[in-house]
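Hello,

Here is the structure I promised to pass on to you. Please have a look at it first, and then read my notes below.

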Amino acid sequence: MSLFKEFRDFAIKGNVVDLAIGVIIGAAFGAIVSSLVDDVFMPLIGLVLGRLDFSNLFVVINNPNNVPVPSLAAARAAGVATLNIGLFINAVVKFGIVAFVLFLVVKGINAVRVKQAAAPSAQPLAPTKEEVLLTEIRDALRGKTKSMPMAAAKAPSVSAKAKPAAKKKPAAKAASAAKAPVKKAAAKKAPAKKAAAKKAPAKAKAASAKKAPAKKAAAKKAPAKKAAAKKAAKK
């Protein structure tokens, strides 16, 4: 049953049917062309060439028995080898006629197709299911983007905060400019402080030098005080 179904599907396919129709029409057209060449064209050409019959135009290649061959049919009946020039010419003429007719047919079909392509369609084609689905998806995405204005509005706040920070830079420059004279004055006082620092050790040495004789005198008096203390203890 499945084999019959497969054969049925194969037989009713569009390409197979078209091919069968083309073969049948081609065979019928071939018979028409053969009759046209053999019965119309070749007799007229033979008449123009001096009543020459192309169907009996041949050259004997080998005739060992010397059998008379007045026609191509007699040569074939006697088994004589012949070169059938007339039949070859008939076949070439048939081919030329068939090729010319097919050229005209194809040219006409192409002209019709060009006209159909150039003519504008009267009614616009309905959108396919895929196009309708893509349109719905596009509309849904547009609706989502329109429903998100708040998130987009909050974004400038970051840049708004960044701008005042940029404005603080001139204030910092003004403060540093105001501190510059103070730093210069401190730099001027630094040599005076260094000179005072150098004088301080000299003053300390002078004071210690003045106190040194008093200490020496006190040191000399200390034995006398000890001797007096000893005498007082003896008494």
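**The loop at N63 and what surrounds it**

Let me start at N63, which sits in the loop between β1 (59–62) and α3 (72–78). Before going further, please keep in mind that this is a predicted model. The side chain of N63 comes to 2.7 Å from the backbone oxygen of V67. Where in space is V80 relative to N63? The two are 17 residues apart in sequence, yet their C-alpha atoms are 5.5 Å apart.

A little further along the chain you will find T82, a residue of strand β2 (residues 81–83). Is T82 buried or exposed? Its relative accessibility is 18%, and the cut-off for buried is under 20%, so T82 counts as buried. Setting aside neighbours within four places in sequence, T82 is in contact with F58, V59, V60, I61, L72 and A75. There is also a polar contact, at 3.0 Å, between the side chains of T82 and N84.

**Two helices to look at**

Next, please turn to helix α4, which covers residues 85–118. This helix has 34 residues, and from its first C-alpha to its last it reaches 50 Å, close to the 50 Å expected at 1.5 Å a residue. Which residues of α4 are buried? Among them are G86, N90 and I97.

The other helix is α2, made of residues 14–48, and F41 lies in it. F41 has a relative accessible area of 33%; buried means under 20% and exposed means over 50%, so F41 is partly exposed. F41 also helps to make a nonpolar surface patch of about 670 Å². Its partners in that patch are L36, V40, L44, I45, V48, L49 and L52.

**The protein as a whole**

Stepping back, how many helices and strands does the protein have? The secondary structure comes to 7 helices and 2 strands. Read from the N terminus, the elements follow the order α-α-β-α-β-α-α-α-α.

The chain has 235 residues, of which 6% count as buried. The protein exposes about 20100 Å², and 69% of that is supplied by carbon and sulfur atoms. As for contacts with a separation of 6 or more, 49% of them are between residues 24 or more positions apart.

I hope this helps you find your way around. Do write back with any questions.

Best wishes

Technical notes
Residues are numbered from 1 along each chain as its sequence is written. This is a predicted model: local features need pLDDT of at least 70, side-chain atom pairs count only at pLDDT 80 or more; totals for chains, interfaces and linings use all residues. Side-chain values use heavy atoms; hydrogens and water are left out. Helices (H or I, at least four residues) and strands (E, at least two) are DSSP runs, numbered from the N terminus. Buried means under 20% relative accessible area, exposed over 50%, partly exposed in between (1.4 Å probe, protein chains only). Contact means heavy atoms within 4.5 Å. Accessible areas come from the Shrake-Rupley method with a 1.4 Å probe; for residues, only the protein chains shown count as cover. Patches are made of residues with over 30% relative accessible area and no salt bridge: like charges are joined within 9 Å, nonpolar side chains (Val, Leu, Ile, Met, Phe, Trp, Tyr) within 5 Å. A salt bridge is a side-chain nitrogen of Lys or Arg within 4 Å of a carboxyl oxygen of Asp or Glu. The expected span of a helix is 1.5 Å times one less than its number of residues. A polar contact is a pair of N or O atoms within 3.5 Å; within protein, one must be able to donate a hydrogen and the other to accept it, and residues adjacent in sequence count only if both atoms are side-chain atoms.
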